[in-house]
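Dear colleague,

I am handing over the structure below, and I would be glad if you could look through it with the notes that follow beside you.

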Amino acid sequence: MMSADQAQVATAAPAAEASSKSIPTTQKSWSVTGSGDPDKVLKFGDVPVPKQKKGEILVKVQAAALNPVGYKVLKLVPSFVARRSKAHEFDLAGVVVDANGTEFKEGDEIFGVIPVLSVFLNGYGALAQYTVLPAQRAVIRPKNVTPTQAAGFPIAGLTAYQSLFTLAKLEEGQSVFINGGSTAVGSFAIQLAKAVGARVAVSASGKNEQYVRNLGADEFFDYTKAPLHEQLIAADPNPKYHVFLEAVGTADPTLFVESEKYLAPGGVFLSVGPQGGGCLSFIWKVFLQPSWLGGTKRTWKLVSLDAKKNELEAFAKLVEEGKVKPLVDSVFSFEDTLKAYERIKTGRATGKVVVKVDPTAE
Ligand SMILES: NC(=O)c1ccc[n+]([C@@H]2O[C@H](COP(=O)([O-])OP(=O)(O)OC[C@H]3O[C@@H](n4cnc5c(N)ncnc54)[C@H](OP(=O)(O)O)[C@@H]3O)[C@@H](O)[C@H]2O)c1
């Protein structure tokens, strides 16, 4: 693993100069060959450079960022879908090489996200020297961040943005609890909540206390010391939190079930998606159990990212204003993509795990 500062220069030859007249016909990419772990099913090789459809831009990729969904989905993808894959992954920063009549022009430096479904239907994701994405899923990269920093914004940053502002309507003066303040989603959420003047409490392990405090956390709970719901009940927050963002992805319903004790009446409990076992108990306790049978009198909402252009623009503006800072855990060369997957799969990253597709990119 390399730190962001030590990132090595990749040895993959750039496919060609980025101009509409010199776009090559083939390129290097990491494609999916079947269902399983990244080291078993991702293959580095030559694929055609894609052609855009209406509304899509062709981009020379500078950097791609990994997300947990990237390796989790590999275990679920049926082989007839995997066979369509020419390049995996979703988050990227790059240079527009064919604007295709959209609002962009050639040479624009952008960051954006290729929707998960498009990657599997069209075959082209972010781990390629060239890829296509809808113009509606890209925005101009603010000048105060580099491509390797900006590549990690879309999925984690927009998930945090949509959770707090689109779903929970968090406002100045309110308070939010973030379970998993050191996850990429949680770390962006801390900064976004502070940007609107909210008070922020987070959970993380003790080793990450300074990390989350540097991002703006006002209160800290070490989840390794005692069950978190017990710590929150003992803390008896006054006023209670207006919003609870569960940014880890736990399938244990306890934090929601106990939430009346620390989440204000009318407050919303947001989940990035319960993962793992305990499915039936979760469904009963969260969705089915009526309050007269002890069910929880709070609203539970699932966050399901749908990155909208206006939200990408609002997020980019906050970056430009210095209110949201990039979070880079580590940077890997294009050839070392499998090492990048090893890092994200530890579940211990603080910030984004980035692959530098273009070795010349900052
Ligand atoms: N619904 C959606 O649209 C959507 C979008 C994006 C992400 N997600 C989901 O959101 C979750 C977070 O994604 P991410 O990319 O932000 O993750 P990530 O950055 O890879 O998460 C790594 C961090 O998680 C922390 N962590 C692990 N277990 C924890 C626990 N029990 N309590 C508190 N912190 C814990 C680790 O800190 P320690 O080393 O201190 O444990 C580490 O800093 C994933 O489950 C992902 O699938 C959902």
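Which residues does Ala150 touch, not counting residues up to four places away in sequence? In this model, which is predicted, Ala150 touches Ala93, Phe111, Arg141 and Val145 once those neighbours are left out. Ala150 belongs to helix α5, which covers residues 147–150, and its relative accessible area of 0% places it among the buried residues, because buried means under 20%. Leu327 is 177 residues away from Ala150 along the chain, yet the C-alpha atoms of the two are separated by 8.9 Å.

Confidence and overall form

The pLDDT of the protein chain averages 92, and 94% of the residues score at least 70. Residues 1–20 need separate treatment, since over this stretch the pLDDT is below 50, although the model gives the stretch 45 contacts beyond near neighbours in sequence. Where pLDDT is low, the predicted coordinates should not be read in detail.

The secondary structure comes to 13 helices and 15 strands. The radius of gyration of the protein chain is 21 Å, which agrees with the value near 21 Å that a compact globule of 362 residues would have, and the C-alpha trace spans about 65 × 45 × 40 Å along its principal axes. Of the 362 residues, 55% count as buried, while the chain exposes about 15,700 Å², of which carbon and sulfur atoms supply 53%. Among contacts with a separation of 6 or more, 72% are accounted for by residues 24 or more positions apart.

The six-stranded sheet

An open sheet of 6 strands, with parallel pairing, runs in the order β10-β9-β8-β11-β12-β13. Its edges are formed by β10 (219–222) and β13 (299–302), and because each of these has a single partner strand, one side of each is left without a neighbour in the sheet. From one strand to the next the twist averages 15°.

Several pairings in this sheet can be followed residue by residue. Strand β8 (residues 175–179) pairs with strand β9 (residues 199–204) in the parallel sense over 5 bridges, and within that pairing Ile178 stands opposite Val202 in β9. Strands β11 and β12 also run parallel and are joined by 5 bridges, with Phe244 standing opposite Phe269 in β12. Towards the β13 edge, 4 bridges join β12 to β13, again in the parallel sense, and Ser271 has Leu302 in β13 as its bridge partner. Of the 9 residues of β12, 7 are buried, so this strand is largely enclosed by the rest of the structure.

Helix α6 against the sheet

Helix α6 (residues 154–167) packs on this sheet, where it touches β8, β11 (241–246), β12 (263–271) and β13, and its direction makes about 150° with that of β11. Because 12 of its 14 residues are buried, α6 is largely enclosed by the rest of the structure; its buried residues include Pro154, Leu158, Tyr161, Gln162 and Phe165. Just after α6, Lys169 takes a positive phi of about 50°.

Gly186 and its surroundings

Gly186 lies in helix α7 (residues 184–195) and is buried, with a relative accessible area of 0%. Not counting residues up to four places away in sequence, Gly186 touches Ile178, Gly180, Gly181 and Ala247. Ile178 is thus a contact of Gly186 as well as the residue opposite Val202 in β9. In contrast to these contacts, Leu293 is 107 residues from Gly186 along the chain, and their C-alpha atoms are separated by 33 Å.

An antiparallel pairing

Strand β3 (residues 56–65) and β6 run antiparallel and are joined by 5 bridges, in which Leu58 has Val132 in β6 as its bridge partner. Strand β6 (residues 130–134) has 4 of its 5 residues buried, so β6 is largely enclosed by the rest of the structure. As background to both kinds of pairing, strands of a sheet pair through backbone hydrogen bonds, either parallel or antiparallel.

With best regards

How values were computed. Residues numbered from 1 in each chain as written. Predicted model: local features only at pLDDT ≥ 70, side-chain atom pairs only at ≥ 80, totals over all residues. Heavy atoms only, no water. Pairing = 2+ DSSP bridges. Helix = DSSP H or I, 4+ residues; strand = E, 2+ residues; numbered from the N terminus. Axes fitted to C-alpha atoms, helices over the stretch in contact; angles between N-to-C directions. Contact = heavy atoms within 4.5 Å. pLDDT = per-residue confidence, 0-100. Rg over C-alpha atoms; globule rule 2.2 N^0.38 Å. Buried < 20%, exposed > 50% of the residue type's maximum accessible area, 1.4 Å probe, protein only. Areas by Shrake-Rupley, 256 points an atom, 1.4 Å probe, with all protein chains shown as cover.
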